[in-house]
Amino acid sequence: MSRRVSVNARTAFDAETGGDVEVALFVFEHSFLSEPIRLSTDPTERLSADPIMYGTRSSWMGANPVTDPYLFVLASAEVPGDMEDAPASATLVLENVDNEIAAVLRSIVDYATVHMAVVLAGSPDLIEVEYRDLKLVSADGDAGEVRIAIGRRPIEDERVPMDRFTKDRFPGIYR
């Protein structure tokens, strides 16, 4: 499957060294959260001195870059591949987490919605690759890291039979 890539991204990919850095942005949404969690894999800009925080300012997903920055987390991300016959899936590994993050992840019983985008640090508003409406499938880990699997909703969770052929849903059958 082909995808569109900006001129800035192609120039950065072709540069031998010193090219622009790719940044993965994540938005986690769930009914338990008062506002979405926005995470970035790059400390693009220093956001505050006390407490010291870094992040990326982007308007992706309607975020206000001034008030809703994407907070930097020490993480590695595996973005979904381009295979046509495989569902999109990604992995996010959060490193050096504390026990509170692990407790929050274990407390969620239904799937959180995850949106993911790849941008360049020099042009954070220009989306290079975007994946929306993925589900947080699992979160496993220990005191050192948490491995978050993101993908489509498991097929085992779909209802069987999915639709009932009633008069209200399929009136053409009952003439």
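Modeller: Welcome! Contact means heavy atoms within 4.5 Å. What follows is about a predicted model, in which local features need pLDDT of at least 70 and side-chain atom pairs count only at pLDDT 80 or more, while totals for chains, interfaces and linings use all residues. Residues are numbered from 1 along each chain as its sequence is written, and side-chain values use heavy atoms, with hydrogens and water left out.

Colleague: Thanks! Of the contacts in the protein with a separation of 6 or more, what percentage is between residues 24 or more positions apart?

Modeller: Here we set aside pairs with a separation below 6 and look at the rest. Within that set, the share for residues 24 or more positions apart is 52%.

Colleague: In what pattern do the helices and strands follow one another along the sequence?

Modeller: Helices (H or I, at least four residues) and strands (E, at least two) are DSSP runs, numbered from the N terminus. The protein has 2 helices and 10 strands. Read in sequence order, they give α-β-β-β-β-β-β-β-α-β-β-β.

Colleague: How much of the protein counts as buried?

Modeller: Buried means under 20% relative accessible area, exposed over 50%, and partly exposed in between (1.4 Å probe, protein chains only). Among the 175 residues of the protein, the buried share is 31%.

Colleague: Which strand gives the largest share of the largest nonpolar core?

Modeller: A nonpolar core is a set of buried Ala, Val, Leu, Ile, Met, Phe, Trp, Tyr and Cys residues joined through side-chain atoms within 4.5 Å. The largest one has 20 residues, and Phe26, Phe28, Leu92, Ile148 and Ile150 touch the most other members. At least two residues each come from β1 (22–29), β7 (89–95), β8, β9 and β10. The largest share, 4 residues, belongs to β9.

Colleague: And how many residues are in the second, separate core?

Modeller: Among its members are Leu25, Val27, Ala117 and Val119. The size of this second core is 9 residues.

Colleague: Back to Phe26 and Phe28: how is their ring pair classed, stacked or edge-to-face?

Modeller: The whole structure holds 3 aromatic pairs, where rings of Phe, Tyr and Trp (its six-membered ring) pair if their centres lie within 6.5 Å, and planes under 30 degrees apart count as stacked, over 60 as edge-to-face and the rest as tilted. Phe26 is buried at 1% relative accessibility, and Phe28 is buried at 8%. Their ring centres are 6.3 Å apart and their planes lie at 25 degrees, so the pair is stacked.

Colleague: His115 caught my eye. Is it buried or exposed?

Modeller: His115 sits in strand β8. Apart from neighbours within four places in sequence, His115 is in contact with Leu25, Phe26, Val27, Glu29, Trp60, Met61, Tyr131, Arg132 and Asp133. With a relative accessibility of 4%, His115 is buried.

Colleague: Two of those partners have a positive phi. What is the phi of Met61?

Modeller: Most residues other than glycine have a negative phi, and most peptide bonds are trans. Asp133, in strand β9, is exposed at 55% and has a positive phi of about 60 degrees. Met61 lies in the loop between β4 and β5 (70–72) and is partly exposed at 23%. The phi of Met61 is near 65 degrees.

Colleague: Which residue does a cis peptide bond join to Asp50?

Modeller: The partner is found in the loop between β3 (45–49) and β4 (52–56). Omega of this bond is about 0 degrees, and the residue joined to Asp50 is Pro51.

Colleague: How far is Gly122 from Thr44 in space?

Modeller: Gly122 is in the loop between β8 (113–120) and β9 (123–141), and is exposed at 59%. Along the sequence, Gly122 and Thr44 are 78 residues apart. In space, their C-alpha to C-alpha distance is 8.7 Å.

Colleague: Last one, about the surface: what is the area of the nonpolar patch made by Phe165, Ile173 and Tyr174?

Modeller: Patches are made of residues with over 30% relative accessible area and no salt bridge (a side-chain nitrogen of Lys or Arg within 4 Å of a carboxyl oxygen of Asp or Glu), with like charges joined within 9 Å and nonpolar side chains (Val, Leu, Ile, Met, Phe, Trp, Tyr) within 5 Å. Ile173, in the segment after β10 (145–151), is exposed at 53%. Accessible areas come from the Shrake-Rupley method with a 1.4 Å probe, and for residues only the protein chains shown count as cover. The patch covers about 340 Å².
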